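Welcome, and take a moment to look over the model shown here. The report after it goes through ion pairs, aromatic rings, packing and confidence in turn.

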Amino acid sequence: MIIWHNLLFVVNVVSKTLQSKDMQIDVAIDQLKGLLKFLGNYRENGFAEAMTEAKEVAVQMGIEPMFEEKRIVCRKRHKNDVEEVRQSAEESFRVNYFLFIIDQALSSLNDRFEQFQEYEKVFGFLFDLEKLKSTNDDCLMTYCANLETCLRHGEHSDIDGRNLFSELKVMKDVCSKETRKPIEVLNYLKLMGDCFPNAWTAYRILLTIPVTVAS
């Protein structure tokens, strides 16, 4: 119970943050990175800490804080030679329960984290308008061309990279200082009508990428 409480508490905090209506992918990446770091540290040190806390709770409840059962693990050393290894119930619980849960969580979250990193490679230059403003023309042109390629379906692409480059160069200079987040940029583009068609499409696609946390 102690282990599950510690895990679900931190996952729930991150999950609520990721599910907020104005969540951005760059924030989601930072949140998942922090969660992965926590789980990695918890895998190394969490069991001993949970055991200490569980024993304190058990004593308060009048329960003897110990594992009662033990089991025998048989390992084959040679073809006809079997070595019996006595594994404590506590170690069995650590290996077969605690580590199993943590490794499953790490595997699932790593998959999601890698997915978000792929999104960042494609859409990262649109995450923050301040960063976009500081991007030089050569890099911006490369980002726009890469986005065109990623949004290509056969002979058709959702955007034109060169036109997007031209639109973003103008847009980053005319947007107000208060406009930074993608949703704020999209609202601005909506007010501009058809002036920035490629930027409008790019930001709509960016903002429709689902941001959820793996269960």
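Which residue forms a salt bridge with Lys133? The partner is Glu130, and the closest N and O atoms of the two are 3.8 Å apart. Please keep in mind that this is a predicted model. Lys133 and Glu130 are three residues apart in helix α4, so about one helical turn separates them. This fits a general pattern: an α-helix has 3.6 residues a turn, so residues three or four places apart point the same way. Lys133 is partly exposed, with a relative accessible area of 28%, and Glu130 is partly exposed too, at 33%.

## Salt bridges

The whole structure holds eight salt bridges. Three of them are set out here.

| Salt bridge | N to O distance |
|---|---|
| Lys133 and Glu130 | 3.8 Å |
| Asp137 and Lys169 | 3.1 Å |
| Glu148 and Arg152 | 2.9 Å |

The bridge between Asp137 and Lys169 joins two helices: Asp137 lies in α5 and Lys169 in α6, so the pair ties together parts that are 32 residues apart in sequence. Asp137 has a relative accessibility of 35% and counts as partly exposed; Lys169, with 30%, is also partly exposed. In the bridge between Glu148 and Arg152, the arginine is partly exposed at 36% relative accessibility. Elsewhere, Arg43, Glu44 and Asp103 are joined into one network by salt bridges that share partners.

## Aromatic pairs

Seven aromatic pairs are found in the structure. In one of them, the ring centres of Tyr42 and Phe98 are 5.6 Å apart and the planes stand at 55 degrees, so the pair is tilted. Tyr42 belongs to helix α2 (residues 25-60) and Phe98 to helix α3 (residues 89-123), so this pair ties together parts 56 residues apart in sequence. Both Tyr42 and Phe98 are buried.

Phe125 and Tyr143 make a stacked pair, because their planes are at 25 degrees, under the 30 degrees that stacking requires; their ring centres are 5.3 Å apart. Phe125 sits in the loop between α3 and α4, while Tyr143 is in helix α5, 18 residues apart. Phe125 is buried at 7% relative accessibility, whereas Tyr143 is partly exposed at 34%.

Ring pairs also link Phe38, Tyr42, Phe47, Phe93, Tyr97 and Phe98 into a cluster. Tyr97 has a further role in the picture, as Trp4, Leu8 and Tyr97 make a nonpolar surface patch of about 280 Å². Trp4 is placed in helix α1 (residues 2-18) and is partly exposed, with a relative accessible area of 37%.

## Overall architecture

The protein has eight helices and four strands, which run α-α-β-β-α-α-α-β-β-α-α-α from the N terminus. Of its 215 residues, 36% are buried. Helix α8 (residues 197-207) has Asn198, Ala199, Thr201, Ala202, Tyr203 and Leu206 as its buried residues, and these pack against α2, α3, α4, α5, α6 and α7. Among contacts between residues at least 6 apart in sequence, 66% join residues at least 24 apart.

## Confidence

The mean pLDDT is 83, with 86% of residues at 70 or more. Among the elements, helix α5 (residues 137-150) has the highest mean, 94, and strand β2 (residues 81-87) the lowest, 50. Over residues 211-215 the pLDDT is below 50, though this stretch has 17 contacts in the model beyond near neighbours in sequence. Where pLDDT is low, the predicted coordinates should not be read in detail.

Conventions. Residues are numbered from 1 along each chain as its sequence is written. This is a predicted model: local features need pLDDT of at least 70, side-chain atom pairs count only at pLDDT 80 or more; totals for chains, interfaces and linings use all residues. Side-chain values use heavy atoms; hydrogens and water are left out. Patches are made of residues with over 30% relative accessible area and no salt bridge: like charges are joined within 9 Å, nonpolar side chains (Val, Leu, Ile, Met, Phe, Trp, Tyr) within 5 Å. Accessible areas come from the Shrake-Rupley method with a 1.4 Å probe; for residues, only the protein chains shown count as cover. A salt bridge is a side-chain nitrogen of Lys or Arg within 4 Å of a carboxyl oxygen of Asp or Glu. Buried means under 20% relative accessible area, exposed over 50%, partly exposed in between (1.4 Å probe, protein chains only). pLDDT is the predictor's confidence in each residue, from 0 to 100. Contact means heavy atoms within 4.5 Å. Rings of Phe, Tyr and Trp (its six-membered ring) pair if their centres lie within 6.5 Å; planes under 30 degrees apart count as stacked, over 60 as edge-to-face and the rest as tilted.
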